[in-house]
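Visitor: I'd like to see how the labels people put on a model follow from the numbers. Could you walk me through this one?

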Amino acid sequence: MKIVYVQTYPAYHDFGDSQKWLHLNNRDKWMPALTKQAGHECELWCGAETTEVHQHKDTSLPDITIRFFKTDSLNGKSKKHISTEMVDFARTSDTYFFVLKGVDGGIGKHLLRNFIIPEKKPFAFVIGGTVYSKFVKHATAVLYETEFQKKMLQNPGFRFWRKVVNKKSLIKLPKSIDCDIFRPYPATEKKYDVISTGRLISYYKNYDALRALSKKLRVGFIGGGPELERFKKEMPDIDWIGHIPNQKVPEFLASGSVFFYTGLRDYFPRVIPEAAACGLPVVAFGDVIKRDVLPAEIGLRVTKNNYIEQILNLCNDENRVKQMSADARAYATEHWNKSSANDAIQRMIQLAVR
């Protein structure tokens, strides 16, 4: 059976350059490779600036073919871009089952409207930042990451126009990271009590939390962005490390004793399993990050009115930090490794062939 994974946003969406996306090694590449490893013919399709074919190689998984299809235009919001070329190619392929990453990308919606749904092809969604679209009701399977997403799909609430997603089609998909790259560095000096990371865009993160924390503890921050220079001036007590290449991030994470995720909108950021895999207890705001994302044995879900005291208490308890660090690493390697999507993939394929 031929299975095709489709990126519903173009490859240049996040970086403005498809080649940068191409060289990322993440779950979007590992899931097709794991599907191929299970004995299925498999490819990964994506919109891009030009039409190209690449072979993605991984040391521990099968190689996969990645097809770039030229988008119709590069104008306007990239998330809305479409590729007629992809639709035309799909018509000539012998693909049985499609797996779409994201429910609201223009490339995916165009493919659904013009080929997948009219031809009654089975397909699945891998939920991204947006949880629902009108196409979800047609999906054979819906892969979600958090119980909050599952609740939104099964309990529309005041959104009475949304169709409840059949429980049988919902499949939990774990995060996946490379635990050989994201690992502890025990020889690294602990320069910071608390370390954090992210792109410095003020509306997206709660940087005031770091400002207040830096008056009590040594705080380091990994990451660049449009607010970096301003934050350096406004929050001089924080060590603003700046942008670090992804391969080097684990070594810098290891310079902190505790990782603090300050986000207010993203309900399961990849930095949480990355930090845990590096052996750092993870701290996050409990009204944003739920218990199924951050279990109590690997970190703290703190409150906005008492987080400083909670973090201080943790940092001052060396034995607690040591135990939580070991538990975080063990949890990450068991639940969030490169092959963590295997069970979800098998369940998804079983639904497709019924």
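Guide: Sure. This is a predicted model, and a good way in is its contacts: of those in the protein chain with a separation of 6 or more, 66% are between residues 24 or more positions apart.

Visitor: What makes two residues count as a contact there?

Guide: The cut-off is on heavy atoms, which have to be within 4.5 Å.

Visitor: How do you know that the radius of gyration agrees with a compact globule?

Guide: You set it against the globule rule, 2.2 Å times the number of residues to the power 0.38. For 354 residues a compact globule would come out near 20 Å, and the protein chain has 21 Å, so the two agree. The C-alpha trace spans about 60 × 40 × 40 Å along its principal axes. The chain has 12 helices and 14 strands.

Visitor: And what share of the residues is buried?

Guide: Buried residues make up 53% of the 354 in the protein chain. As for the surface, about 16,600 Å² is exposed, with 48% of that supplied by carbon and sulfur atoms.

Visitor: Why is the pair Asp58 and Lys338 called a salt bridge?

Guide: The test asks for a side-chain nitrogen of Lys or Arg within 4 Å of a carboxyl oxygen of Asp or Glu. In this pair the closest N and O atoms are 2.8 Å apart, so by that cut-off the name fits. Asp58 sits in the loop between β3 (52-56) and β4 (64-70), and Lys338 in the loop between α11 (318-335) and α12 (342-352), so the bridge ties together parts that are 280 residues apart in sequence.

Visitor: Are Asp58 and Lys338 buried or exposed?

Guide: Buried means under 20% relative accessible area. Asp58 has 11%, so it is buried; Lys338, at 12%, counts as buried too.

Visitor: What makes Glu251 and Lys248 a salt bridge?

Guide: The cut-off is 4 Å, and their closest N and O atoms are 3.9 Å apart, so the pair passes. Glu251 has a relative accessible area of 32%, which makes it partly exposed, and Lys248 gets that label at 44%. The whole structure holds 21 salt bridges.

Visitor: How far apart in the helix are Glu234 and Arg230?

Guide: They are four residues apart in helix α7 (residues 228-234), so about one helical turn separates them. Their closest N and O atoms are 3.0 Å apart, and they form a salt bridge. Glu234 is partly exposed at 37%, and so is Arg230 at 35%. Both belong to a network of salt bridges that also links Asp208, Arg211 and Glu227.

Visitor: Why is strand β12 said to pair with strand β9?

Guide: Pairing takes at least two bridges between the strands. β9 (residues 192-197) and β12 have three, in the parallel sense, so they qualify. Within that pairing, Tyr192 has Gly256 of β12 as its bridge partner.

Visitor: Which strand does β12 run parallel to over three other bridges?

Guide: That's β13 (residues 282-285), joined to β12 by three bridges. There, Phe259 stands opposite Val282. Together with helix α9 (residues 271-277), β12 and β13 make a β-α-β unit, and a right-handed one.

Visitor: What makes β12 "mostly covered"?

Guide: β12 covers residues 256-261, and five of its six residues are buried.

Technical notes: Residues numbered from 1 in each chain as written. Predicted model: local features only at pLDDT ≥ 70, side-chain atom pairs only at ≥ 80, totals over all residues. Heavy atoms only, no water. Helix = DSSP H or I, 4+ residues; strand = E, 2+ residues; numbered from the N terminus. Buried < 20%, exposed > 50% of the residue type's maximum accessible area, 1.4 Å probe, protein only. Right-handed = clockwise from strand over helix to strand, strands pointing away. Areas by Shrake-Rupley, 256 points an atom, 1.4 Å probe, with all protein chains shown as cover.
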